[in-house]
Amino acid sequence: MTEEETPITPAGVALKLGQHLSTTDGWAGLVQQAKAAGNTSFAFFPRSPYGRESKKLKTQDPTPLVEAQRDLGWGPLVVHAPYVYNLAGKDASKRTFAITSMQDDAQLLSTAVPDGHQIYFNFHPGSHVGQGIDTGIELIAEGLTQVFEKTPSNVTILLETMAGKGTEVGSRFEELAEIIARLEAAGVSGPGAPGIGVTLDTCHVYDGGYDVKQNLTGVLAEFDATVGLNRLKAIHINDSKFGFESHKDRHAPIGLGELGVDFFREVVNNPTLKKLPMILETPPRDDDVDEVALLRGLAE
Ligand SMILES: [Zn+2]
């Protein structure tokens, strides 16, 4: 059966699923791309990957995107912070740049949310660049505490699970739990205030040493015991080019990597995960398989 013939069940239609879209044509362009690709949640960068503000997003009216979320039941959207932000870096001026940029991004994103909805703002916790994991965690929690001072309550900030490449913080669930505990202790996240959550990247966790392929249920139980499943807000749904615990962070197209199609069938049918927005960040593939349709076709 080719993917065009895969029947998509109501469970497949219900998935909040999509890709990383371009902001070249502004808010309305995001809506057009999402409609064309059958996306019901998606990601985008709020500014250039190098940190320059997007004139289009800053100056255009976000109403088309607000209406699409409200009227078509899209979202929550999972916006991706530029990779250049490092809250755990050595250079204080670069940390300050990351903090003020995240504050500006959060304020911009808060204008693109329908009343009563949330928008998710996902970021890589940071790299400690040799300062050690404890210093990294401390700097990230300090930086986020400042970010939260100017984050509107309709924006939830998500820490991404990392592959543990180089000096990345956030490849162990305990590290994410510690950052969250510090924010709670600082009183900056809670009822009526902006929330903090986690994005689970299927490639990164497998790469980082959690065997989701053999034991997804067990890994989720471990996540629940350390971070709490109530904090799990989004999925980056990527296959992995390299094997278990390789710490390489190389995504592969769905079904063409080490995780494989059966794993993704389990993900889209998992009672906890299937309710969360799922974002594809997979590289281009040689065949013409539509990965959004493929995943929707796996839902039972
Ligand atoms: Zn990411």
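The legends below describe close-up views of one predicted model.

Local features are described where pLDDT is at least 70 and side-chain atom pairs count only at pLDDT 80 or more, while totals for chains, interfaces and linings use all residues. Residue numbers start from 1 along each chain as its sequence is written.

**View 1. The open sheet of 7 strands.**
The strands follow the order β1-β11-β8-β7-β5-β3-β2, and their pairing is parallel. β1 (17–19) and β2 (78–80) stand at the edges with a single partner strand each, so one side of each has no neighbour in the sheet. On average, neighbouring strands are turned by 30° against each other, direction ignored. Strands (E, at least two residues) and helices (H or I, at least four residues) are DSSP runs numbered from the N terminus. Two strands pair if DSSP finds at least two bridges between them. In general, strands of a sheet pair through backbone hydrogen bonds, either parallel or antiparallel.

**View 2. Strand β5 and its partners β3 and β7.**
β3 (residues 119–123) pairs with β5 (residues 155–160) in the parallel sense over 5 bridges. Within this pair, Ile 119 stands opposite Val 155 of β5. β5 and β7 also run parallel and are joined by 4 bridges, with Ile 196 in β7 as the bridge partner of Ile 157. Of the 6 residues of β5, 6 are buried. Here a residue is buried if 20 or more other C-beta atoms, placed from the backbone, lie within 10 Å of its own C-beta atom, exposed if 12 or fewer do, and partly exposed in between. Val 155, Ile 157 and Leu 159 point one way from β5, whereas Thr 156, Leu 158 and Glu 160 point the other way.

**View 3. Helix α5 across the sheet, and the surroundings of Phe 121.**
Helix α5 (residues 92–110) lies across β2, β3 and β5 and runs at about 155° to β3. Axes are lines fitted to C-alpha atoms, for helices over the stretch in contact, and angles run from 0 to 180 degrees between N-to-C directions. Leaving aside neighbours within four places in sequence, Phe 121 is in contact with residues including Val 79, Asp 105, Leu 109 and Ile 157. Contact is defined as C-beta atoms, placed from the backbone, lying within 7 Å.

**View 4. The largest nonpolar core, with 77 residues.**
A nonpolar core is a set of buried Ala, Val, Leu, Ile, Met, Phe, Trp, Tyr and Cys residues joined through C-beta atoms within 7 Å. The residues with the most contacts inside this core are Val 79, Ile 119, Phe 121, Ile 140, Phe 264 and Leu 295. Helix α6 contributes the largest share, 7 residues. In soluble globular proteins, nonpolar side chains tend to be buried together.

**View 5. The two sides of helix α7 (residues 173–185).**
This helix has 13 residues and reaches 18 Å from its first C-alpha to its last, close to the expected 18 Å. The expected span is 1.5 Å times one less than the number of residues. Phe 173, Glu 175, Leu 176, Ile 179, Ile 180 and Leu 183 are buried in α7. They cover an arc of only 165° around the axis, which puts them on the same side of the helix. The arc is that of the directions from the helix axis to the C-beta atoms. Elements covering these buried residues include α6 (133–149), β6 (168–169) and α9 (212–226). On the other side of α7, Glu 174, Glu 184 and Ala 185 are exposed. Arg 182, also in α7, is 41 residues from Ala 141 in sequence and 6.3 Å from it in space, C-alpha to C-alpha.

**View 6. Backbone details in the loops.**
Gly 75 and Pro 76 are joined by a cis peptide bond with omega of about 5°, and Pro 76 lies in the loop between α4 (63–72) and β2. Glu 245 has a positive phi of about 60° although it is not a glycine. His 247, likewise not a glycine, has a positive phi of about 55°. Glu 245 is placed in the loop between β9 (239–240) and β10 (251–252), and His 247 also lies between β9 and β10. Most residues other than glycine have a negative phi, and most peptide bonds are trans.

Technical notes:
Two residues are in contact if their C-beta atoms, placed from the backbone, lie within 7 Å.
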